[in-house]
Amino acid sequence: MMLFLLHITLWGAREIQGDVDKYADLANMKVITPHSFRHSFCKNLDNGGGVEIEVIRRLVRHESIQSTSIYIDPSHAIQMQALNNM
């Protein structure tokens, strides 16, 4: 009979930031912060995924849609499409 023991490690904020910094250095990237993760997440959902701003607001748990709108920068094509739809 074999007995396997699992070692479970719980990560805190410092451990996560340490790992993120380590991999950012390996990838020759600038310093990555939790804010930059949130910003990228919102922009990717908006620009790449076409997700509505209200859905993004709920995913990032903003109370105000104005907070979420800071992350959203509509592309030129989207702006032109909105004008053409008038």
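Student: Does Arg 57 count as buried or exposed, and at what relative accessibility?
Tutor: This is a predicted model, and the classes are assigned from relative accessible area, with buried meaning under 20%. Arg 57 falls under that cut-off, so the residue counts as buried, at a relative accessibility of 17%.

Student: With which residue does Arg 57 form a salt bridge in which the closest N and O atoms are 2.7 Å apart?
Tutor: Side chains of opposite charge can pair when their charged atoms come close. The partner lies in helix H3 together with Arg 57, three residues apart from it, which is about one turn of the helix. That partner is partly exposed, with a relative accessible area of 29%. The salt bridge joins Arg 57 to Glu 54.

Student: Which residues are joined into one network by salt bridges that share partners?
Tutor: The count of salt bridges comes to two, and one of them is the pair of Arg 57 and Glu 54. In another, the side chains of Glu 54 and Arg 58 meet at 3.0 Å, N to O, and these two residues also both lie in helix H3, four residues apart. Through shared partners the network is made up of Glu 54, Arg 57 and Arg 58.

Student: Which residues form the nonpolar patch on the surface that has about 260 Å² of accessible area together?
Tutor: One member, Val 55, is found in helix H3, which covers residues 53–59, and Val 55 is partly exposed, with a relative accessible area of 39%. The patch as a whole is formed by Phe 41, Val 55 and Leu 59.

Student: Which residues make up the largest nonpolar core?
Tutor: In soluble globular proteins, nonpolar side chains tend to be buried together. Here the largest such core holds six residues in all, including Leu 45, and Leu 45 touches Gly 50, Val 51, Ile 56 and Leu 59 when residues up to four places away in sequence are not counted. The full membership of this core is Cys 42, Leu 45, Ile 56, Val 60, Tyr 71 and Ile 72.

Student: How far apart are the end C-alpha atoms of helix H1?
Tutor: The protein has five helices and zero strands, and helix H1 takes in the 14 residues 13–26. At 1.5 Å a residue, this helix should span 20 Å, and the span in the model agrees, because the end C-alpha atoms are apart by 20 Å.

Student: What percentage of the residues of the protein count as buried?
Tutor: The protein exposes about 7,600 Å², of which carbon and sulfur atoms supply 60%. Of its 86 residues, the share that counts as buried is 16%.

How values were computed: Residues numbered from 1 in each chain as written. Predicted model: local features only at pLDDT ≥ 70, side-chain atom pairs only at ≥ 80, totals over all residues. Heavy atoms only, no water. Core = buried A, V, L, I, M, F, W, Y, C linked by side-chain atoms within 4.5 Å. Buried < 20%, exposed > 50% of the residue type's maximum accessible area, 1.4 Å probe, protein only. Contact = heavy atoms within 4.5 Å. Expected span 1.5 Å × (residues − 1). Patch = residues over 30% accessible without salt bridge, like charges linked within 9 Å, V, L, I, M, F, W, Y side chains within 5 Å. Areas by Shrake-Rupley, 256 points an atom, 1.4 Å probe, with all protein chains shown as cover. Salt bridge = Lys/Arg side-chain N within 4 Å of Asp/Glu carboxyl O.
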